[in-house]
Each structure stands twice: as C-alpha cells, then as structure tokens.
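Work through the exercises below with the coordinates open, and try each task before reading its solution.

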Amino acid sequence: MSAILNAATYPPTLTEEETANLAIALRDWSLSQGLIIRAPTESNAADEASMHVPLTLHPSPFPKNLFDQALGLQTVFNELYAKVADDYEFLTEITKELAGVDDFMSDLWKLYLEVDEISGGVPAQPLTLGLFRSDYLLHTTSTAEPSIRQVELNTISASFGGLSSRAADCHRFLRKSGLYGTAAGSEFLKDENMPVNPSARGLARGLGVAHNAYGVKDSIVLFVVQQRERNAFDQRWLEYYLLEDFGVVSVRASLEDIAEFGELDSITKELRYKGRHVAVVYYRAGYTPTDYTSPATWEARKKMELSKAIKCPSLATHFAGAKKVQQVLIDELVLAKFVPDADVRGQLRTTFVDILPLDDSELGKKARTLIETCPEKYVLKPQREGGGNNVYREKIPGYLKALKDETLWRGYILMELIEPPQDVRNAIIRAGKVTEGNVISELGVFGCVLWDSKSHEIKQNFEAGWLLRTKFADSEEGGVAAGFGSIDSVLLI
Ligand code: ADP
Ligand code: MG
C-alpha cells in the first residue's frame, strides 16, 4: 500500500524511558491545557475531578490529498443536508418507512408535525443552524489507491470539536519539545505535516454567526446538555471561544432544567431561560431516547421548537441525520434531486459505499440475500446515535432473526464495511496507561451552515476544522467517551 505509512516505517520506536517521559508530558500538558474529560460518574469526586482525554501518543498518518478532499467536500455536504431538512415531502416518505418500527424517530416527527400545526405552517424562526460532522474511514483494496469513504453524517450533537483543536496542539507541543526522539520514522514528524486544527474556534464561529443573525444584544446561547455529561469540557471550549471572539454568553441547561425554568412568550415567541433571552439553542443532548426522562422533557423540547430562537439543529435537521436518510441518498436519482450538478454529485459519490434498506423493495430483497451469503462484508445499523448500537458481520443474521417480528427489520440499514489499512501502529494513553497496537483512524470534518428554511437561502456555509479518532483495530466501535477509542491528530503524508 503506497500512500500510507505502515508499521515498518512509523511511528518511531521509543525506548521504555522515552515512552514514559512522553506519556507524562502528554498527560500533564492535557491536564493543564484542558484536554480533559470528567472523571467517571461512579467516582466520589465526579463533579470536581477530571482526567486527560484518551489520546494517541503520536499523530496518525493520513494522506494529504484525501484529507484535503474531505475538507473540500464539507460545504457541499452542508448544503445537501440543509436541502434535505427543508424537503417536507422527502422527510415524510422517510418517516413512513420508519413508522411503527422506530418509536424515537416517530416521536420526533410527531413533534415536528405538532409544532408545524401550532405555528400554522409558519415557523417562528425561519433560520436554522447546522454544526455538522461528516465522518470518513480510509478504504483500501489490494488494487486501488486508498480512498475516503463516508461512515455517517451527524446533524446533531457532533462532538469533540472543542478538544480536537487541543489534541493537535498537544502533538505539536510534544514534537517541538523533542520528545518523539530521533529514531527512524521521526523524520516524518515535521511542523508542516502537523496542521493546526481550527475546530473549536470554527464551531464557536458558527454559533456566533447565528447569534448575530438573531440580532438581539445581550441574548444568550443555550447549550442543552446531558446531566452529568463527562465530555463537558469539549463543550466548554466552544463556550469560551464564543465569549472571546463574539462577546456572547452561553448558559448550560439540561432538558429537565428547561422544563422547569424555560419560558415561551406566547405572543412574541421569545424563549427565555431563567429570565434571559435565548438567541440560539445548541443541542448537545436530546439526540437519544434516554435523554427524554419524562413527558416534561418532551414539553421542554416543544417549547424550544415553538420559539423564535435559532435551533442548532431544528427538528427537521435532526431528522435529516437519520441513517435511513443516508441510505436513501445512495440512489443516484434521489441524490440528483438535491444535487443537480452531476460533477458535484460524482464527487460526493466517490465517498459512498453501498447501503441497502431491509424493506420489501427489490433492494431489500437483495439485502436479505447478502445477509445470508456474505454477512462478513456488512454492518447493520439502527436509527441511533452515540455509539455501541451496530451489529457486525456474522452476527447480523442471528440478530435479525431474534427480532420479534420481521417488519422491525425496516428500522435498520445494511452498510458495506469500509476496509481501512490494517498495518498502521500507534499507542493510546488512557487514564495514564499506555497500550500499543494496530489502529484504525476515523476522520471527521466539521461544517457550519446557517440557512433560511422558508426562502432556502444559504446565509453562511463554511468548513470548520476536523477530528481524528483512533481505536485499536480489533475494536469495532470508535466512541471516545464510551471507552472504545481515543482522540488523535493527523500527520499528513
Ligand atoms: P454512531 O451514530 O453510533 O456513531 P456510526 O455509523 O458512526 O454510528 O458507527 C459507529 C462506528 O462503527 C464508526 O465510528 C466506525 O468505527 C464503525 N463503522 C460504522 N460504519 C462502518 C462501515 N461501513 N465500515 C466500517 N466500520 C464502520
Ligand atoms: Mg459515528
């Protein structure tokens, strides 16, 4: 394999003493510079204590041309998903597919319809903010050059933009300090191959731009967060840059808090939280059914959706991030509806792998055959976010058969497995402990888009930095907070 550095050449071999020094330097830099996560909730000092985020010791190699390609595609994906979110008929079709098989998605859509009806079809706020993240794995075959393939596109609660900037800074610091040594392979670790990552400021800019568009001085950005969120510092960095760069204050609140202290003015449609005028609602919770602990939390979401605060994302945009939507967009004719330019469509399609429905259509029948004949090439996904929900390879047929009823299959998509390079090595430090192994890295690209859902005019659209997450090759999921993976940065080659 040509364009990737393999285990024979990178990372440079360190002595035991060098590794120990590197690990200490990395840990202390992380703790002092806010590359941290809250200690596990079961610990006594859960609110007060924090620990360094799981991080790779070295930046992982990533081909520069593919990195540039992924960054370059982001504004196109931003626009595509904004258009999908604005297409009521299209989303209605999707919800029909999921009706009766996915309660959460159905509940979200019911809320959308209810809000639409109460507002008489005229939303209190036509502007929507998307802070998206498109995720990619490298795909390699024995014959072709490596390429990037999209894993998914997140339209709600896309995380790690705050910490990801720090991770790149940390690796840059370690290099400058000479802690990567001089063994073979260290020559790749050059300043120009280790880009600065603007994701924290980039996402804060998205929120700042939306706040400006709302146009009310001294109004706030409301961060809707999970109670006892361990990844709070990732969110804090956006809050701090929003204040520093835009002079905008943020307030954190859970759905439960908003149920209690959020108020909607029935005439002006202003949203107030503890008396403060809310310009932008930024959801870092509410993407998973377990966030809705009571009917009051659904009421809280409804209150926000009915208000004239700009939502990041709106209900329709949240819905557009469903994996079912990603599957339907694989169809050339469907994609053409949203992306009329064939060249642009071609650029998007080079990042797609096949995704099939599990319904009664011809494609659905094909999917059933594939599950029987070559399940080892596929991953099965429900309409969920947040990691740990997928079913892999040979486990798929048994899993599906164990479902109580075959109609429930429609709630899943069947996705071809992307095949990342297998001979990349790195070490991950987690809670101070260093473990080496073969690794797989997933690149995420952040994008901000602010648009008018009524006129369909795009007001702002920009790429906003990146994230590299790295996991051991033998682990199937990549969640950092969930304990599967680590944050990383890119070494461009
Ligand atoms: P989630 O919403 O839970 O993040 P993802 O679609 O991102 O769901 O899947 C979780 C993880 O599973 C990914 O981070 C990746 O490691 C792995 N994965 C998902 N789809 C594929 C695929 N097509 N090929 C290989 N790995 C995949
Ligand atoms: Mg994911």
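The exercises that follow concern a predicted model and go from the whole chain to a single residue.

**Exercise 1. Overall dimensions**

Task: Determine how the radius of gyration of the protein chain compares with the value that the globule rule gives for 493 residues.

Solution: Begin with the inventory of secondary structure, which comprises 15 helices and 21 strands in the protein chain. The radius of gyration is 22 Å, close to the 23 Å given by the globule rule for 493 residues, and the chain is therefore as compact as a globular protein of that length. Next, take the extent of the C-alpha trace along its principal axes, which is about 70 × 55 × 45 Å. Finally, turn to burial and contacts: 58% of the 493 residues count as buried, and of the contacts between residues at least 6 apart in sequence, 74% join residues at least 24 apart.

**Exercise 2. Surface and charge**

Task: State what share of the exposed area of the protein chain is supplied by carbon and sulfur atoms, and how far apart the mean positions of the positive and negative charges are.

Solution: The protein chain exposes about 20000 Å², of which carbon and sulfur atoms supply 51%. For the charges, count 53 positive and 68 negative ones, and then compare their mean positions, which turn out to be 2 Å apart.

**Exercise 3. An open sheet**

Task: Find which strands stand at the edges of the open sheet that 4 strands form.

Solution: First establish the strand order, which is β13-β16-β14-β15 with antiparallel pairing. Each of β13 (355–357) and β15 (391–392) has a single partner strand, so these two stand at the edges and one side of each lacks a neighbour in the sheet. Then examine β14 (residues 378–382) and β16 (residues 412–416), which pair in the antiparallel sense over 5 bridges; within this pairing, Y378 has E416 in β16 as its bridge partner.

**Exercise 4. A strand pair and a phenylalanine**

Task: Decide whether F62 is buried or exposed, and list the residues that F62 touches beyond four places in sequence.

Solution: Start with strand β6 (residues 147–154), where 8 of 8 residues are buried, and which pairs with β5 (residues 127–139) in the antiparallel sense over 7 bridges; R133 stands opposite N154 in β6. Now locate F62 in strand β4 (residues 60–62). With a relative accessible area of 1%, F62 falls under the 20% cut-off and is therefore buried. The residues touched by F62 are F67, L138, I148, L443, L468, V490, L491, L492 and I493. As a last step, measure along the chain to N193, 131 residues from F62, and find a C-alpha separation of 9.8 Å.

Key:
Residues are numbered from 1 along each chain as its sequence is written. Chains are lettered from A and ligands numbered from 1 in the order in which they are written. This is a predicted model: local features need pLDDT of at least 70, side-chain atom pairs count only at pLDDT 80 or more; totals for chains, interfaces and linings use all residues. Side-chain values use heavy atoms; hydrogens and water are left out. Buried means under 20% relative accessible area, exposed over 50%, partly exposed in between (1.4 Å probe, protein chains only). Two strands pair if DSSP finds at least two bridges between them. The radius of gyration is taken over C-alpha atoms; the globule rule is 2.2 Å times the number of residues to the power 0.38. Contact means heavy atoms within 4.5 Å. Accessible areas come from the Shrake-Rupley method with a 1.4 Å probe; for residues, only the protein chains shown count as cover. Lys and Arg count as positive and Asp and Glu as negative; His and the chain ends are not counted. The place of a charge is taken as NZ of Lys, CZ of Arg, CG of Asp or CD of Glu.
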